[in-house]
Amino acid sequence: MCLHKTKFQGKGLDRSIDHGVFQNSIKMINKLYICVLTLLVAFSLSARAETDPKWYAVQVSVTVDVPAGKATLTWPQDPNGTSYSISKKSPQGTSWSEIANLPGDSTSFVDSGLGVGGSYEYQLRKSTSVGYVGYGYVIAGLNAPPIESRGKIVLLVDQTFTTSLATELQRLSQDLAGDGWVVIRHDVSRNDSVPNIKQIIKNDYSADPGNVRSLFLFGHIPVPYSGDFNPDGHPDHRGAWPADSYYGDMHGNWTDSSVNDTGANYDRNKNVPGDGKFDQSDLPSDVDLEVGRVDLYNMTCFANKVPSKSELDLLRQYLNKDHNFRQGLVQVQRRGLVCDNFGERSGEAFAASGWRNFSAFFGAENTVAVPYGQYFSTLGSQSFLWSYGTGGGSYYTCNGVGSSDDFAITDVQSVFTMFVGSYFGDWDNESNFLRAPLGSASYTLTSSWSGRPHWFYHAMGQGATIGYCTKLSQNNAPGGVYSAQNQGTRQVHSALMGDPTLRMHPVIPPANVQATSAGLVTWSASTDSNIQSYYIYRRNGAGSYDRVGVQGAGQVSFNAGASGSYMVRAIKMEQSGSGTYLNPSQGAFSDYDAGASSVPGLTPPGTPTLVSVSASQAIIRWANTSAGATGNKVEQKTGTLGSYVTVASQQVSQTNFVAYGVTPGTQLYFRVKAFNSSGESSYSPELNVAIPVPSTIPAAVTFVGTDDNSKGNWVGNYGADAAIVPGNANGIPTYATLGWSNSAQWVWNDTTTDSRAPTKVNSQDRIASCIYASDTMTLDVNITDGAAHQVAFYMLDWDTNSRSQKMEVIDAQSGLILDTQTVNSFQGGRYLVYTARGHIKFRLTRLAGNNAIITGVFFGPANNVPVGIPVAIQIKNNQFQLHITGNAGDTVIVEASEDFSSWKPVQTNTLSSTSFDFSDSTVQSLSKRFYRVKKSQ
């Protein structure tokens with residue numbers, strides 16, 4: 001344990017003798033490992049029994065009686081409590097006024113005479129018989145008014161992704177506008193200097209200091225470093241830390257002349273005069289902007305998994321889940337989870353950050369504690385809007401919570417997260433644990449290092465943004481407005497990982513907003529509860545929206561009397577652990593714009609058709625029907641009540657679109673319109689696409705063999721159910737969904753008599769063509785009917801004799817590789833034939849030659865070829881144990897390998913029932929072992 005002392009109890013954030021202790025878990029990702037676990041040795045912090053950190057918080061929440069003008073504050077009784085001091089101020093105030101002093105057995109307080117439409121902030125200070133002091137904070141709203149305009153936000157985008165994420169970034173800007181922000185966007189280089197980036201921000205702020213309030217850093221924006229300190233208490237970690245607070249401070253004097261400290265382990269933390277790292281450990285001035293960062297650079301913990309996720313993949317995924325949460329499409333229970341592996345920690349009580357904030361959100365009764373090692377297992381199956389975890393750390397682990405790898409393999413069902421532990425609060429490094437939650441698949445949107453110092457998020461219970469609370473916490477000073485104040489208070493390292501504009505209570509917006517040239521605006525009602533009214537806005541010349549009307553909850557139209565672009569927001573009466581407030585939804589926008597009327601003679605594109613669909617993406621295609629078009633715009637909406645959003649604007653030669661990050665179980669609608677310099681066409685007919693839910697059927701596959709004889713004569717041999725012949729026809733079997741990634745089509749010869757070329761669908765003519773990728777492509781196949789089906793791939797090295805490629809078959813749920821085949825010398829044409837069921841992925845990788853190619857994909861009946869046996873694997877008593885299921889009478893062969901190349905049988909068994917267990921006792925001397933199971937033919 002690090003026992004280094006500083007002037008503020010500077011102990012390292014470890015709770016074991018060994019700093020290198022990792023989470024006690026065994027993972028199986030393509031390989032099976034037997035892990036040697038390190039014994040944890042706890043230590044005593046003081047002579048008395050340790051106090052649960054939750055008592056360092058006063059877990060206060062509030063209920064309101066609006067007609068009576070009363071707010072009732074309640075909290076659990078602390079057995080050690082001796083008195084409570086209750087103070088009050090306005091939410092914008094900077095000092096407290098005591099209004100009551102209560103005995104230690106009190107659990108409630110009623111404040112009367114409050115005005116309807118007001119908000120009141122309370123502080124509860126608790127004294128105890130054993131010396132610690134507890135604090136709680138809550139803002140009580142009595143139908144507090146909605147916040148319609150939030151000011152201006154500077155959006156800095158890493159220009160690496162300007163093109164590849166154009167659609168998603170455009171949608172983000174629309175979402176921000178729909179929440180009351182005016183967006184000022186700059187695309188910047190990740191190789192620019194920190195001072196140059198700061199100047200861009202400062203120019204925007206100086207032009208309108210009263211309205212520029214927030215800063216969103218998206219991508220690997222250059223990282224400022226500052227200070228000569230070690231908030232985690234480790235001597236080898238003293239020096240400069242990442243300091244995004246520098247970007248948010250518009251008035252402070254940041255210098256680079258005095259600190260000269262090279263004692264840190266890593267060069268990035270070493271700080272000497274003139275090196276571009278600043279001297280300040282404490283903020284030189286209040287932070288002016290609400291800053292948040294989404295940076296998923298160098299996250300190899302995601303890139304090295306199956307399927308691999310690149311920085312681009314992770315950023316696209318983040319933007320998709322950010323949009324889904326804002327639109328009310330993410331269902332998550334309003335409650336908090338605490339996994340605390342530090343405890344009282346000499347009075348610092350880090351986890352009080354969780355207990356204190358969560359009660360103001362949900363009430364004390366809706367905060368749950370889970371023990372060591374239960375963070376990921378709990379959140380993998382249950383949802384909690386907020387979660388908090390502590391434990392001795394490394395850059396990519398938090399002991400008792402988990403590792404960065406866990407975020408890559410577990411879809412954590414928590415939107416807002418807080419953590420504290422050694423090292424990972426310094427977040428600008430490979431696979432960092434504080435950034436890793438942002439890469440999780442479906443839910444998590446923010447992360448902060450909370451405990452040194454404590455963070456104060458309670459205003460979010462009344463609709464504040466998380467960026468507002470970040471700024472509040474950063475500016476909190478020793479002896480200032482909010483207590484307790486741990487080491488790290490007002491220091492430069494405090495930073496928000498995530499979108500700073502997010503609010504806690506999304507409202508389902510209205511849909512189908514339409515506006516006519518005469519100014520009649522109509523919409524479909526929000527499906528959310530407690531809708532009070534609808535606000536109607538028209539875009540002004542400055543690009544922001546002015547409210548022009550209000551309609552009651554039962555109304556779905558408004559005559560604004562003038563043309564323009566309109567937005568409609570539903571207003572909900574929101575109730576939380578902080579009382580009630582009027583909560584606006586995201587804005588839903590009209591399609592009408594006076595400057596974009598239909599151009600005579602510019603006809604719309606043809607009806608979009610579905611190319612393929614899976615639980616993660618949909619691909620559509622259309623035909624251009626107007627010679628005057630220079631491009632096409634694609635619009636997409638979710639559900640019949642959704643609003644259309646422009647998701648792509650592309651050249652006229654691009655006649656297909658891939659919708660990534662779709663939500664399983666939803667209905668998507670697409671329409672396309674053409675445009676040129678004169679304007680836009682009317683819309684194409686609408687396409688409706690059902691996004692499937694991933695199959696729960698166990699994935700299984702058998703490699704049947706190869707066929708070099710059929711050549712292009714697939715009809716009658718393969719494809720009885722569906723055929724995909726590139727450049728000719730695409731087929732989707734009725735029992736499956738398909739999704740391609742990283743692929744494109746190429747036609748060598750549109751018509752040929754060469755028998756190697758596949759026969760065209762419904763024709764005797766042949767086509768030499770392929771689906772190709774420069775390195776790797778994947779076909780996602782979800783066979784949903786529970787039966788086994790034949791899947792055959794035709795491969796033809798038409799134009800060279802040099803291609804070599806590898807086909808891997810992957811279980812889409814576990815990521816395990818079920819089969820691998822290498823294809824060489826296939827200039828004569830070769831089929832790979834499989835029998836498969838469930839959700840599987842076929843991944844083709846180029847080994848040699850120009851690229852990896854597939855010349856045809858064919859689906860048909862399985863012809864009674866047996867499919868691989870489902871297997872469950874566990875480790876027990878230093879042995880691998882396999883539980884194998886099948887049918888009585890099946891003869892099953894278990895094979896093992898140490899290198900995934902050379903296989904040998906280790907067990908043959910004829911099932912007397914529907915399953916049997918096999919234990920392998922020979923693995924004690926092995927670092928890894930692979931298994932596969934097949935039926936004897």
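**A walk through the strands, a helix and the cores**

Strand β16, residues 336-339, has two faces: Gly-336 and Val-338 point one way, while Leu-337 and Cys-339 point the other way. All four of these residues are buried. The model is predicted. β16 has a partner in strand β17, residues 367-369. The two strands run parallel and are joined by 3 bridges. Across this pairing, Leu-337 stands opposite Val-368 of β17.

Next comes helix α2, residues 194-207. Its 14 residues, at 1.5 Å a residue, should span 20 Å. The end C-alpha atoms are 20 Å apart, so the expected span and the model agree. The buried residues of α2 are Val-194, Ile-197, Lys-198, Ile-201, Asp-204 and Tyr-205. They cover an arc of only 125° around the axis, and therefore lie on the same side of α2. What covers them? The cover includes three strands, β10 (151-158), β11 (181-188) and β12 (212-218), and also α3 (245-248).

Now the nonpolar cores. The largest has 105 residues. Phe-218, Tyr-375, Trp-386, Phe-416 and Tyr-457 have the most contacts inside this core. Take Phe-416. Setting aside residues up to four places away in sequence, Phe-416 touches Phe-325, Leu-385, Trp-386, Ser-387 and Thr-446. Phe-416 also touches Met-460, Ile-466, Leu-502, Arg-503 and Met-504. Apart from the largest core lies another, of 35 residues. Ile-771, Met-777, Met-807 and Val-857 are among its members.

Turn to Lys-89, which lies in strand β5, residues 81-89. Is this lysine buried or exposed? Its relative accessible area is 7%, under the 20% limit, so Lys-89 counts as buried. Which residues are in contact with Lys-89, leaving aside neighbours within four places in sequence? They are Thr-94, Ser-95, Trp-96, Tyr-120, Glu-121, Val-481 and Tyr-482. Ile-99 is 10 residues from Lys-89 along the chain, and their C-alpha atoms are separated by 10.0 Å.

Last, the cysteines. Cys-469 has 0% relative accessibility and therefore counts as buried. Cys-770 has a relative accessible area of 2%, so this cysteine is buried as well. Cys-339, in β16, is also buried. How many disulfides does the structure hold? The structure holds 0.

Terms used. Residues are numbered from 1 along each chain as its sequence is written. This is a predicted model: local features need pLDDT of at least 70, side-chain atom pairs count only at pLDDT 80 or more; totals for chains, interfaces and linings use all residues. Side-chain values use heavy atoms; hydrogens and water are left out. A disulfide is a pair of cysteine sulfur atoms within 2.5 Å. Buried means under 20% relative accessible area, exposed over 50%, partly exposed in between (1.4 Å probe, protein chains only). A nonpolar core is a set of buried Ala, Val, Leu, Ile, Met, Phe, Trp, Tyr and Cys residues joined through side-chain atoms within 4.5 Å. Contact means heavy atoms within 4.5 Å. Helices (H or I, at least four residues) and strands (E, at least two) are DSSP runs, numbered from the N terminus. The expected span of a helix is 1.5 Å times one less than its number of residues. The arc is that of the directions from the helix axis to the C-beta atoms. Two strands pair if DSSP finds at least two bridges between them.
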